[in-house]
Amino acid sequence: AASAQSNPAPSCTMNRVQGSVPAMRRGLLVLALLWCCRLLPDFLGGVGEEEKGPPAKGEPERVEEQELDWKDLAYQRQLERIANRKRKAQPNYKETAEERKVRLRKLAMWNAAQKKGMTDVVGRAETTVDIKVGLMKPLGIEFEKYDEEPNRAWVSGIFKDGSAFKNGEIEAGDFLFSVNGKEVDGMPYEEALQNIVDAEGEINLVFKRIYSSG
């Protein structure tokens, strides 16, 4: 009786071992699949990418923006500022239209800040900057008046075949302030422009540009 009860034990153990083999195989298969999935993006990442060779002779080496840390970017900006100062110090330096716009915008912001500080007014502030030019006819400036301000001549457009376009300082939105030293802002629209019509030779004009801040 004792031997009859001890016989099923080896059979049960064998069944457990045999049953664990498929489970081990499935576990190994899962691990292999996970390993392949981890390596797959690295493998596919290089597919279809253009091979980058060394830069051609005389061509500057390209540096990716994201590869530069903040110290490198700050150093590059400092070098650019130094190069701009050296360029402006040259005797033949001529201010570009974009540099002129930036300078006038900074000047207007500074004037607005000073005005705001003196009046202690919180909110939107406006300031004007003078645009002084000497132009020959044809000027190529299109003027316009508004019902809200009938005694002011506004620039509504610049034509390419005029001297104002070549000068590059006047923009749409400026308004006429004086003609050859005579203040015309506040005059009726037609009377103000008549001063330009009657002028001969080079005409010294002063326009004003409005900037808002706050």
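**Note on the predicted model: Asn195, the nonpolar core and two backbone points**

1. The side chains of Asn195 and Lys182 make a polar contact at 3.3 Å (a pair of N or O atoms within 3.5 Å; within protein, one must be able to donate a hydrogen and the other to accept it, and residues adjacent in sequence count only if both atoms are side-chain atoms). This is a predicted model, in which local features need pLDDT of at least 70 and side-chain atom pairs count only at pLDDT 80 or more, while totals for chains, interfaces and linings use all residues. Residues are numbered from 1 along each chain as its sequence is written, and side-chain values use heavy atoms, with hydrogens and water left out.

2. Asn195 lies in helix 6 (helices, H or I, at least four residues, and strands, E, at least two, are DSSP runs numbered from the N terminus). Asn195 is buried, at 17% relative accessible area (buried is under 20%, exposed over 50%, partly exposed in between; 1.4 Å probe, protein chains only). Beyond neighbours within four places in sequence, Asn195 is in contact with Val179, Lys182, Val184 and Met187 (contact: heavy atoms within 4.5 Å).

3. The largest nonpolar core has 22 residues (a set of buried Ala, Val, Leu, Ile, Met, Phe, Trp, Tyr and Cys residues joined through side-chain atoms within 4.5 Å). Helix 6 gives the most to this core, with four residues.

4. The Lys137 to Pro138 peptide bond is cis, with omega near 0°; Pro138 is in the loop between strand 1 and strand 2.

5. Asn180 has a positive phi, near 50°. Asn180 is partly exposed, with a relative accessible area of 41%.
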